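Hi,

Here is the structure I said I would pass on. Have a look at it first, and my notes are underneath.

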Protein chains: 2
Amino acid sequence: MKPRKHRRARLDLPRIAERFRKKARKLTGPRRAILVALRERGGPVTPREIFRALEGRCDLATVYRSMHLLETMGMVKRYDFGDGQARFELLEEGDDGHHHHLVCRRCADVVEIEGCLMSDVDRQVAEANGFKAVTHRLEFFGICPECQGSDSRGENVTD
Amino acid sequence: MKPRKHRRARLDLPRIAERFRKKARKLTGPRRAILVALRERGGPVTPREIFRALEGRCDLATVYRSMHLLETMGMVKRYDFGDGQARFELLEEGDDGHHHHLVCRRCADVVEIEGCLMSDVDRQVAEANGFKAVTHRLEFFGICPECQGSDSRGENVTD
DNA sequence: GCTCCAATTGCAAACGATTTGCAATTGGCG
DNA sequence: CGCCAATTGCAAATCGTTTGCAATTGGAGC
Ligand SMILES: [Mn+2]
Ligand SMILES: [Mn+2]
Ligand SMILES: [Zn+2]
Ligand SMILES: [Zn+2]
């Protein structure tokens with residue numbers, strides 16, 4: 001049994017629906033399906049992955065529109081792993097989603113990094129430069145255990 | 001006199017040319033112009049900004065091709081501020097370019113953050129998850145001094 | 001200097017992610 | 001059950017970036 005890689009893996013669906021409706025929005029078929037897909041995955045998902053998981057129950061454009069909506073509603077958070085596609089995670093009520101990830105450069109496997117010890121750094125950076133409301137975006141990249149042995153180029157991973 | 005915002009603002013042009021030629025590459029007109037533009041700016045520049053600065057002396061496709069080349073030669077480093085366009089900085093010889101930025105969310109002004117105190121964090125993250133060769137990507141975002149007074153939405157910036 | 005050719009360029013078309021216009025569909029309130 | 005604003009599917013548009021190809025050019029060798 002592998003350890004669960006992502007927190008927020010189990011959220012109550014009726015509760016999600018309720019949260020959604022509270023913002024005076026129609027809970028349509030496609031939207032429900034997207035929320036289910038987001039909950040299933042738990043970790044960061046691309047719009048295209050959601051689209052594939054929906055198997056025709058929803059158009060790709062609708063996925064994008066829904067992600068925007070959910071983002072402004074504060075129900076999902078967007079992450080950027082620098083590969084040109086957005087990723088989203090469903091948030092628990094009250095969670096602002098601020099956390100970081102460790103991404104394998106070979107297989108793109110993602111591990112959640114618990115907690116963030118940088119709020120004091122934000123303050124220092126703000127202070128030192130006269131900025132206000134400073135936040136940060138931080139992701140880690142490396143080679144995961146699985147990918148360390150079977151190297152794609154024959155050389156071994158060190159360090 | 002405003003303080004200089006970017007390090008590596010002055011690099012010797014002949015020396016840059018020499019570094020370039022050492023890798024057995026043709027130092028063409030477009031490439032020379034691009035290197036000059038990169039040196040002029042000092043801080044992170046988008047391909048389109050370089051293209052504009054070149055005023056017809058070089059095609060946009062050539063800018064992109066040159067950035068790839070310079071990147072693989074280790075003469076520029078790519079940064080990602082999450083707005084969908086790449087930025088590049090010319091590097092001093094021997095510099096790996098690892099550093100971070102503070103970007104204004106209103107005017108997109110960029111301030112360099114000196115140094116990086118996270119190599120021990122990289123190690124901890126690697127250790128804790130069985131990953132190897134862990135690095136990170138980190139940028140800060142906030143509201144710069146200039147943008148704090150004249151607020152775009154009438155509310156004042158706090159915190 | 002002049003020749004020659006692989007390296008490089010400009011141009012236009014292709015790309016992949018994301019956005020948008022619009023006519024057809026639908027959730028949820030009355 | 002009917003209505004209508006909200007939502008959707010579809011196709012076309014957009015944006016940053018990449019690529020094919022024929023024309024151009026730097027610089028090594030004479
Ligand atoms: Mn996560
Ligand atoms: Mn910089
Ligand atoms: Zn953080
Ligand atoms: Zn760093």
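Below is what turned up, going from the DNA to the metal site and then to the pockets and cavities. Keep in mind that this is a predicted model.

**The DNA side**

I started with DNA strand C. It has 25 residues around it, and the closest are Tyr64(A), His68(A), Thr28(B), Arg31(B) and Thr62(B). So which part of the strand does the protein meet, backbone or bases? Of the strand C atoms within 4 Å of the protein, 67% belong to sugar or phosphate, and the rest belong to bases.

Three contacts to phosphate oxygens of strand C are worth pulling up on screen. Tyr64(A) has a polar side-chain atom 2.3 Å from a phosphate oxygen, and His68(A) has one at 2.6 Å. Leu27(A) makes its approach through the backbone instead, with an N or O atom 3.1 Å from a phosphate oxygen.

As for the elements involved, those giving two or more residues to this surface are α3 (47-53) and α4 (60-72) in chain A, plus α2 (29-41) and α4 (60-72) in chain B. The largest share comes from α4(A), with 5 residues. By class, the surface near strand C splits into 9 nonpolar, 6 polar and 10 charged residues.

**The manganese ion**

Next, ligand 2, which is a manganese ion. Which protein residues hold its donors? They are Glu89(B) (OE), His99(B) (NE2), His101(B) (NE2) and Glu112(B), with Glu112(B) listed twice through OE. The donors lie 1.8 to 2.8 Å from the ion. If you want to find them in the sequence, the spacing to look for is E-x9-H-x1-H-x10-E.

Glu89(B) lies in strand β2 (residues 86-90) of chain B and His101(B) in strand β3 (residues 100-104) of that chain, so the pair ties together parts that are 12 residues apart in sequence. Are these two buried or exposed? Glu89(B) is buried, at a relative accessible area of 0%, and His101(B) is buried at 0% too.

**The pockets**

The largest pocket holds about 960 Å³ of space. It is lined by 35 residues, and those nearest its centre are Asp80(A), Arg137(A), Phe81(B), Gly82(B) and Asp83(B). Both chains take part: β1 (76-80) and β5 (132-143) of chain A, and β1 (76-80), β2 and β5 (132-143) of chain B, each supply at least two lining residues. The class split here is 11 nonpolar, 11 polar and 13 charged.

The second largest pocket comes in at about 590 Å³. Of its 28 lining residues, the closest to the centre are Met118(A), Val121(A), Leu117(B), Met118(B) and Val121(B). Elements from both chains appear again, with α5 (119-129) and β5 of chain A and β4 (110-113), α5 (119-129) and β5 of chain B each giving at least two residues. The biggest contributor is α5(A), with 5 residues. This lining has 17 nonpolar, 7 polar and 4 charged residues.

**The cavities**

How many cavities of 30 Å³ or more are there? The count comes to 2.

The largest cavity has about 70 Å³ of space. Asp80, Arg137, Leu138 and Glu139 line it, from chain A and from chain B alike. β5 of chain A and β5 of chain B each supply at least two of those residues. In class terms, the lining has 2 nonpolar, no polar and 6 charged residues. Asp80(A) and Arg137(A) may ring a bell, as they are also among the residues nearest the centre of the largest pocket.

The second largest cavity is about 30 Å³ and is lined by Leu13(B), Ile16(B), Ala17(B), Leu27(B), Arg32(B) and Leu35(B). α1 (13-22) and α2 of chain B each supply at least two of them, and α1(B) gives the most, with 3 residues. That lining divides into 5 nonpolar, no polar and 1 charged.

If you only open one view, I'd pick the strand C contacts of Tyr64(A) and His68(A), whose polar side-chain atoms lie 2.3 Å and 2.6 Å from a phosphate oxygen.

Cheers

Methods. Residues are numbered from 1 along each chain as its sequence is written. Chains are lettered from A and ligands numbered from 1 in the order in which they are written. This is a predicted model: local features need pLDDT of at least 70, side-chain atom pairs count only at pLDDT 80 or more; totals for chains, interfaces and linings use all residues. Side-chain values use heavy atoms; hydrogens and water are left out. A residue is near a molecule or strand if one of its heavy atoms lies within 4 Å of it. A polar contact is a pair of N or O atoms within 3.5 Å; within protein, one must be able to donate a hydrogen and the other to accept it, and residues adjacent in sequence count only if both atoms are side-chain atoms. Helices (H or I, at least four residues) and strands (E, at least two) are DSSP runs, numbered from the N terminus. Ala, Val, Leu, Ile, Met, Phe, Trp, Tyr, Cys and Pro count as nonpolar, Asp, Glu, Lys and Arg as charged, and the others, Gly among them, as polar. Donors are N, O and S atoms within 2.8 Å of the metal (3.2 Å for Na, K and Ca); water is not among the atoms, so sites may look incomplete. Buried means under 20% relative accessible area, exposed over 50%, partly exposed in between (1.4 Å probe, protein chains only). On a 1 Å grid over the protein atoms alone, a cavity is a set of points where a 1.4 Å probe fits but cannot get out, and a pocket is an open set with protein on both sides within 12 Å along at least five of seven lines; lining residues have an atom within 4 Å of a point. Grid points are joined across faces, edges and corners, and a volume is the space filled by probe spheres set on the points.
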